[in-house]
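This report walks through a two-chain model for a reader at the bench. It begins with the sheets and then turns to the contacts and a few single residues.

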Amino acid sequence: MPDTLLFALEASLNGLTAGVMYALVALGFVLIFKASGIFNFAQGVLALFAALTLVGFQSGQIPFSHLINATLGTRLHHFGWNMPTVLAIPATVLVMIGLAILVERFILKHLINQEPIILFMATIGLAYFLEGFGDIMWGAEVKALDVGLPKGMSMAVDDATFNWFGYGFYIDRLEIWAAGIAAVLVAVLTVFSQYTKQGRALRAVADDHQAALSVGISLRFIWVLTWSIAGIVALVAGIMWGSKSGVQFSLSLIALKALPVLILGGFTSIPGAIVGGLIIGVGEKLFDFFMNPIIGGATENWFAYMLALVFLLFRPQGLFGERIIERV
Amino acid sequence: MSGQGEGMRDTVTDEGYMTADGRKIGGVAMEMRNITLRFGGVVAIKDISFDIRWGEIRAIIGPNGAGKSSMLNVISGFYHPQEGEVIYKGYKRPAMRPYQVAQQGIARTFQNIALFEGMSVLDNIMTGRLHHMKANMFQQAIWWGRAAREEAENRAQVEKIIDFLEIQHIRKTPVSRLPYGLKKRVELARALAAEPAILLLDEPMAGMNVEEKEDMCRFILDVNDEFGTTTVLIEHDMGVVMDLSDRVVVMDYGKKIGDGTPDEVRNNQEVINAYLGVAHD
């Protein structure tokens, strides 16, 4: 096999795993958009907040310690114990569910029957609030997140590819794990939404609010449920991205990378989020690989958005989105 | 005793009455007492009282804009009247959200069909059984014990209704692909799946052709016959209403102008003026 093809193949594989990471973020958007028609601008910050909380629990940080120290003149920072990851993750899940309840109670409940754009504005507000709140609660410094997932080059892939092609591929083990976990997550979500009572109620609300009310579904409960699930998906995304590049403010910006994924896959499709993520991931890496020598690099920063723009021109509903049919 | 038309006083007692075709109708299931509903300055319903008896088919008729749908929305909790009381099963009903009303056994259909377009017929009807499923979220999540058993039981119940309404051939079809008449039937199936104490039908035959109307008529009668479902329906087609219903409330400009058996209503001069005669197109 010629070298270029091998390198391209390696780049594609890396693109696939990177794409899974994008898809994880996009998934959170899709869930909330489907159930309530809200484009949740705060999804990225949700991932950041989840990761901050997880690290905070793990390292036994005292929440709001800076605030307490500043007002009372104390010198608190840590409780002096470490919470094991197996406890810290469920604890963070509980925090995310609590957050979902608060979001419903203080924001969504008051905006029932409002235009989508107003709800969108509310999520922008939520994003800024949560960003500041996370900083006050856990501090703004960059933190390392380690939940025990393996990192670094996968020797197995390296060996196998070396035996086949005479060239060892570099694939990060963390990204292989991310792909596996994302697959499990999607499978669980699919089974949940297809075969359980709450899942069916969730789809019903996504489809028609009035009809959902008439069969006895509480919209408020479903919203809390959706935001909880989105919070948990955000936690998974936060863990993956946080393990990869540390827990810091830039984590919330991955939400921007999810936008082109959504435009490709369609805002209402879970498989769309996955496929969209993969296409963006692979496209980005391959474009970088082939075009770098010609235009000099840094294409990864803008390729996804350009691809999204092309899609908007030719297929505005995305690959898997609901087709827009105007009946006159 | 409010809620009865002039001619009904002798025949309708607290225990019930016999219909013309010999069906036994029970006591009061729901009573609307002096309901007034306003939207800003517009009075949609003006001081209306009537009752609904267990097992009967009760129609609400009136010209366009008479307040029929508003009345149905009051019963199903979508609107809350400014004045008056809804007495359900002998108790005054507090202000409730529509989903709570649904959980109390009041199912409904809508004038302009509110189905879950993206779901299959089967899934749509299954949503009607949501509040019959008692398994908690944890059991649901791991699909274990009670959750799996309930799903099977509810599925069996739904299949019965699918059989009954003769929609086997479309059970897996996405609702968005169905023609209008069948959508109406699926909506009825979903309401029935809830095994409602009271079934509310908002213009079940609107926009149907003659054949579809006849089918729907038959289904409504069969449902009442087979399950003894108390049915409240709104309908424009006078022929249909008179054939179907045991008692009829007539509304005009938000007021009640008649209440009684189809025959009594037909001979009520005020009704003739407002609805059958002058105002009707």
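Two strands are taken to pair if DSSP finds at least two bridges between them. By that criterion, strand β11 (residues 247-252) of chain B pairs with β12(B) in the antiparallel sense over five bridges, and within this pairing B:Val249 stands opposite B:Asp259 in β12(B). The model is a predicted one, and the description below should be read with that in mind.

## The sheets of chain B

The pair just described belongs to an open sheet of six strands in chain B, whose order is β8-β9-β10-β5-β11-β12 and whose pairing is mixed. Its edge strands are β8 (106-108) and β12 (255-260) of chain B, each of which pairs on one side only, and the twist from one strand to the next averages 15°.

Chain B also has an open sheet of four strands, in the order β4-β3-β6-β7 and with antiparallel pairing. Here the edge strands are β4 (42-53) and β7 (91-92) of chain B, each with a pairing on one side only. Strand β3 (residues 28-39) of chain B is joined by five bridges to strand β6 (residues 83-88) of chain B, running antiparallel, while eight bridges join β3(B) to β4(B), again antiparallel. The hairpin of β3(B) and β4(B) has two residues between the strands, and B:Gly40 in this hairpin takes a positive phi near 60°.

The table sets out residues that face one another across the pairings of β3(B) and β11(B).

| Residue | Residue opposite | Strand of the opposite residue |
|---|---|---|
| B:Glu31 | B:Ile87 | β6(B) |
| B:Thr36 | B:Glu83 | β6(B) |
| B:Phe39 | B:Val42 | β4(B) |
| B:Val249 | B:Asp259 | β12(B) |

## Two residues with positive phi

Which backbone angle is notable at B:Asn34, a residue other than glycine? Phi of B:Asn34 is positive, near 50°, and the residue lies in strand β3 of chain B. B:Asn34 counts as partly exposed because it has 14 C-beta neighbours inside 10 Å, whereas 20 or more would be needed for a residue to be called buried.

B:Glu203, likewise not a glycine, has a positive phi of about 45°, and it is found in the loop between β9 and α7 (210-227) of chain B. B:Glu203 is buried, because 20 other C-beta atoms lie within 10 Å.

## Domains of chain B

The domain assignment of chain B gives domain 1, made up of 1-101 + 197-203 + 233-281, and domain 2, which covers 106-195. The contact takes eleven residues from domain 1 of chain B and seven residues from domain 2 of chain B. On the side of domain 1 of chain B that touches domain 2 of chain B, α1 (68-75) and β9 (198-202) of chain B each supply at least two residues, and β9(B) gives the most, with five residues. By class, the residues of this side of domain 1 of chain B divide into seven nonpolar, two polar and two charged.

## Contact between the chains

How many residues of chain A are in contact with chain B? There are 19 residues of chain A in contact with 27 residues of chain B. Among the elements of chain A, α7 (173-195), α8 (197-207) and α9 (209-214) each supply at least two residues of the side that touches chain B, and the largest share, seven residues, comes from α8(A). The side of chain A that touches chain B has eight nonpolar, six polar and five charged residues.

## Inside chain A

The helix α8(A) also packs within its own chain, where the axes of α8(A) and helix α10 (residues 219-245) of chain A come within 10 Å and cross at roughly 105°. Because of this angle, α8(A) is roughly perpendicular to α10(A). The contact is made by A:Gln198, A:Ala201, A:Leu202 and A:Val205 of α8(A) together with A:Leu219, A:Ile222, A:Leu225 and A:Thr226 of α10(A); these residues divide into six nonpolar, two polar and no charged.

A:Leu9 is found in helix α1 (residues 3-36) of chain A, and it counts as partly exposed because it has 16 C-beta neighbours inside 10 Å. A:Leu9 and A:Leu286 are 277 residues apart in sequence, yet their C-alpha atoms are 8.7 Å apart in space.

Methods:
Residues are numbered from 1 along each chain as its sequence is written. Chains are lettered from A and ligands numbered from 1 in the order in which they are written. This is a predicted model: local features need pLDDT of at least 70, side-chain atom pairs count only at pLDDT 80 or more; totals for chains, interfaces and linings use all residues. Domain bounds come from an automatic or database domain assignment. Two residues are in contact if their C-beta atoms, placed from the backbone, lie within 7 Å. Ala, Val, Leu, Ile, Met, Phe, Trp, Tyr, Cys and Pro count as nonpolar, Asp, Glu, Lys and Arg as charged, and the others, Gly among them, as polar. A residue is buried if 20 or more other C-beta atoms lie within 10 Å of its own, exposed if 12 or fewer, and partly exposed in between; C-beta atoms are placed from the backbone. Axes are lines fitted to C-alpha atoms, for helices over the stretch in contact, and angles run from 0 to 180 degrees between N-to-C directions. Angles under 35 degrees count as roughly parallel, over 145 as roughly antiparallel, 65 to 115 as roughly perpendicular and the rest as oblique.
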